[in-house]
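Here is a short set of exercises to work through with the model open beside you. Try each task before you read its solution.

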Amino acid sequence: MHFGYFTLSDNHYLNNPRTPNQFVQDILAEAVLADELGMHSAWIGEHHFSTLGVLSCPDLVLSNVAARTKQIRLAPAVTVLPLHHPIRVAEQWATLDLLSGGRVDFAAGRGYDRREYGPFKVSFENNQSIFEEAMIVVRKLWAANEPISHKGEHFQFENVAITPQPIQRPIPAYIASFSPPSIELAGRLGCGVVVAPFAAAMTFGGLRQVKELYYETCEANHNKPARLMTSYFVHFADNPQQEMAARERHIRYYKECVIAAFPGDPATAPPSYRYFIDMVQRLKNVKPEDLTENSVLLGKPDRMIETLKKVESLGFAEVILYFNVGLKPHPQVKEEMARFMEEVAPAFR
């Protein structure tokens, strides 16, 4: 099982002294460090207008990472595909695949924050349909050896071929999944899956149920299952005081960053986001002691290994690790990244 670096660039905190510009620089340094430490991948989220995260252009940051590294794979976590024209998305990530020597993993999703959709004049209510069509278009453009045309509900074009072409044919593609419909879409399209375990636990059971539904859908659509991936928050703690501080830091992330971004209002949440309503209610009431292995690796290395062995046994190929959550200082993030690769990762080699 592989391990990667992951961030959503959360910086929307009360009385926060860290500027967005500084945090983006920190993330760049951490992604380069991930390569030096032997991590398999770097996954950088896309957020707009400082609603939760502050990094709006993961493709540009990852191109800088590509220039400074040789091995690490480069991925958005995730491209909010309905906000962009799929031709442009195909061009951007094909170009990065070329410049990096074929190191791109592409992941896309609909996002969940309505506030990101308004300025782009894209329908939040109809984004499921936009997303599915755009994902099909992007992958067609990467696979085509000659110009193609497309006449869909949301996108229409004639005789388009992108340049440059990606090195990888195909670029590995993943769908970010919070709910069964997203898992089923990945199975229908033959994409891999990236799932957050806390969301899986809240919406339909857990990681085992994710795998079962995905494999069933792949089989029904005559697709070979691709890679399954999941994400975990990481907080090392060697004594009760450190553990409580880590739990309180994480609760602050939920309450100051996440809740406002999720569509939790029953009066305004579109039908395809209704499952977020219960999720938001749970997060509003969450206490430090409620944090479990369904979402957080918290404590000493042996405790983390025990949780990750369960994930490995389910057939998940990679876990991407969210170290810099909750205003954790940059030096501490780097220390915890190094400690994970020294004290946890060797148990999976």
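**Exercise 1. Is Arg103 buried or exposed, and what surrounds it?** What is the relative accessible area of Arg103, and does that make the residue buried or exposed?

*Solution.* Before starting, note that this is a predicted model, in which local features need pLDDT of at least 70, side-chain atom pairs count only at pLDDT 80 or more, and totals for chains, interfaces and linings use all residues. Residues are numbered from 1 along each chain as its sequence is written, and side-chain values use heavy atoms, with hydrogens and water left out.

- Step 1: find the residue. Arg103 sits in the loop between α3 and β5 (106-109). Helices (H or I, at least four residues) and strands (E, at least two) are DSSP runs, numbered from the N terminus.
- Step 2: apply the cut-offs. Buried means under 20% relative accessible area, exposed over 50%, and partly exposed in between, with a 1.4 Å probe and protein chains only. Arg103 has a relative accessible area of 8%, so this residue is buried.
- Step 3: list the partners. Contact means heavy atoms within 4.5 Å. Setting aside neighbours within four places in sequence, Arg103 is in contact with Ala66, Thr69, Lys70, Gln71, Ile72, Arg73, Leu74, Asp97 and Gln168.
- Step 4: check one distance. Gln71 is 32 residues from Arg103 in sequence, and their C-alpha atoms are 7.8 Å apart in space.

**Exercise 2. Describe the chain as a whole.** How many helices and strands does the chain have?

*Solution.*

- Step 1: count the elements. There are twelve helices and twelve strands.
- Step 2: judge the compactness. The radius of gyration, taken over C-alpha atoms, is compared with a globule rule of 2.2 Å times the number of residues to the power 0.38. The chain has a value of 19 Å, close to the 20 Å that the rule gives for 349 residues, so the chain is as compact as a globular protein of that length.
- Step 3: add the box. Along the principal axes, the C-alpha atoms fill roughly 60 × 50 × 40 Å.
- Step 4: look at burial and contacts. Of the 349 residues, 56% are buried. Among contacts with a separation of 6 or more, 75% are between residues 24 or more positions apart.

**Exercise 3. Analyse helix α10.** Which residues of α10 (residues 275-285) are buried?

*Solution.*

- Step 1: name them. Phe276, Ile277, Met279, Val280 and Leu283 are buried in this helix.
- Step 2: view the helix end-on. The buried residues of α10 fall within an arc of 165°, so they line one face of the helix. The arc is that of the directions from the helix axis to the C-beta atoms.
- Step 3: find the cover. The elements over these buried residues include α7 (197-204) and α9 (240-261).

**Exercise 4. Look for unusual backbone geometry.** Which peptide bond is cis with omega near 10°?

*Solution.*

- Step 1: recall the background. Most residues other than glycine have a negative phi, and most peptide bonds are trans.
- Step 2: locate the cis bonds. The bond from Arg169 to Pro170 is cis, with omega near 10°, and Pro170 lies in the loop between β7 (156-160) and β8 (173-177). Ala77 and Val78 are also joined by a cis peptide bond, with omega about 5°; Val78 belongs to the loop between β3 (73-76) and β4 (79-80).
- Step 3: turn to phi. Ser9, in the loop between β1 (2-7) and α1 (20-37), has a positive phi near 55°. Ser50, in the loop between β2 (41-44) and α2 (58-68), has a positive phi near 55°.
- Step 4: add accessibility. Ser9 is buried at 1% relative accessibility, whereas Ser50 is partly exposed at 34%.

**Exercise 5. Work through two further loop residues.** What is Phe49 in contact with, leaving aside its neighbours within four places in sequence?

*Solution.*

- Step 1: take Phe49. Its partners are Arg115, Glu116, Pro119 and Phe120. Phe49 lies in the loop between β2 and α2 and is partly exposed, with a relative accessible area of 46%.
- Step 2: take Leu83. This residue, in the loop between β4 and α3 (86-99), is buried at 9% relative accessibility. Beyond neighbours within four places in sequence, Leu83 is in contact with Glu46, His48, Glu116, Tyr117, Phe120 and Val122.
- Step 3: compare the lists. Glu116 and Phe120 appear among the contacts of Phe49 and among those of Leu83.
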